[in-house]
Amino acid sequence: MSSHIIIGGGVAGVTAARQLAGRVPDDDEIHILSAESYPYYPRPLLWRFIAGAMEQEQLYFQPLSWYEEKGIQFHLDTDVTALDGEAHRLTLGDGSEISYDRLLLATGARPFLPPVEGTDKSGVFTLRTLDDAKRIKAHAEQVPQAVVIGGGLLGLETARAIHEAGPSVRVIEIADHLLPRQLDAEGARVLRALLEEQGLEITTGSIVEAVLGDQSVEGVRMKEGWSIEAQLVLFSTGIRCRAALAQEAGLEVNRGAIVDEQMRTSVEDIFAAGDIAEFEGDVGGIIPPAMDQAKVAAANMVVPGSEVYAGTLPTTTLEVAGARVTSLGQYNPEPDDAYQIVRHTDSERGLYRKFVLEDSRVVGAILLNDPPRAGLARQLIDREVHISEGLDRLVDDDFDLRSLL
């Protein structure tokens, strides 16, 4: 009998557990140790909870009874305080110890708070957990004005949710346009117009210098000297790997725990997947690579060397305020003669299409409010379809991408 232990009850941890449940002998044990008080819920849905569009129970992927039926023991409110890789042993928050044969680190990430004065005030939030969402929702229902710092994926979704809860909301993004990791300037201009029509105020190219107020938030001051009144401030300014446990245990850590193509760390019988894992210098930070890595890790925890991870095509889909953005592959490459770019913009319809080609093959795309083309664009990239002529037709309304497949 072997014991497979997973630290972390997020998407990577639960995906790995499900894979293990279908691979290990019946007498093997599968444990998920989660510091949270709730079974797995998709973090991208938290904004729906804040907006009042989902109840707490609707967030859960499955009830705890489902994990039991699968042979997965899900331990809530369980902190892991120490890891001894040589002894194959974990120390828990209550002082007890547990041994493992194979271990998966799926400890995820924590929100990053930039060095801004006044972030310790009441009314300042970050969003990573359901408990965070509960606090934000309760506070948003009591105040008239809010500021969301960060115009990325999570920031925009949460800004809209807070606005739905009542307050007026201003989004402040340090870059010169929204979604700098998912959109180019032209696509962001179309999205911004849509969001402003929905009631959000948008400020780009500005830096917050301080959170104002005595004990509680009263606003923010910008580096340029002007201020905005607010009683709620949400920082959505990125994440950092939760790597302390790995580092203290002597694993090789850079930004995250460094893994090879089998998702093995530098210590025998310890694997990593998701936001904690650093593969070829990159930390995924989104759901698709977390799931892909978890599947590979689980396979190799059972049969070493059985699967390899070769990376995940960067894919992001955002739905907020009626707008749907899909970004695929190399959608915003550095200027280079090797790339060809075709675009189509229709501001009245809130529509934007962009295809990036290299050697006449699609390697990236941005599609705003054009869901039917998103799946087809993914297939063009995956299959490395060669397009010999008529590149401009890719963005035409009446052109069917299926004809290229």
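Which residue stands opposite I7 in strand 7? The first legend gives the residue.

**View 1. The open sheet of this predicted model has 5 strands.** The strand order is 3-2-1-7-19, with parallel pairing; strands are DSSP runs of E, at least two residues, numbered from the N terminus, and two strands pair if DSSP finds at least two bridges between them. Strand 3 (72-75) and strand 19 (270-272) are the edge strands, each pairing on one side only. From one strand to the next the twist averages 20°, where angles run from 0 to 180 degrees between N-to-C directions and axes are lines fitted to C-alpha atoms, for helices over the stretch in contact. Strand 1 (residues 3-7) and strand 7 (residues 102-105) run parallel and are joined by 4 bridges. L105 in strand 7 is the residue opposite I7.

**View 2. Helix 1 (residues 11-21) packs with helix 9 (residues 287-302).** Helices are DSSP runs of H or I, at least four residues. The angle is about 40°, the axes are 8 Å apart, and the crossing is right-handed (near helix turned clockwise from the far one by less than a right angle). V11, A12 and T15 are among the helix 1 residues that meet helix 9, whose residues there include I287, A290 and M291. Helix 1 lies across strand 1, strand 2 (29-33), strand 3 and strand 7, at about 175° to strand 2. Helix 9 lies across strand 1, strand 7 and strand 19, at about 170° to strand 7.

**View 3. The largest nonpolar core has 50 residues.** Such a core is a set of buried Ala, Val, Leu, Ile, Met, Phe, Trp, Tyr and Cys residues joined through side-chain atoms within 4.5 Å; buried means under 20% relative accessible area (1.4 Å probe, protein chains only). I6, L83, L90, L103, L104 and L105 have the most contacts inside this core. Beyond its neighbours within four places in sequence, L90 is in contact (heavy atoms within 4.5 Å) with residues including I5, I7, L33 and V80.

**View 4. Strand 23 (residues 339-346) and strand 24 (residues 351-358) form an antiparallel pair over 8 bridges.** T345 stands opposite Y352 in strand 24. The hairpin has 4 residues between the strands, and G350 takes a positive phi near 65°.

**View 5. Buried residues of helix 10 (residues 371-383) pack against strand 22 (323-329), strand 24 and strand 25 (361-368).** R373, A374, L376, A377, L380 and I381 are buried.

Residues are numbered from 1 along each chain as its sequence is written, and side-chain values use heavy atoms, with hydrogens and water left out. In this predicted model, local features need pLDDT of at least 70 and side-chain atom pairs count only at pLDDT 80 or more, while totals for chains, interfaces and linings use all residues.

Definitions and conventions. The expected span of a helix is 1.5 Å times one less than its number of residues.
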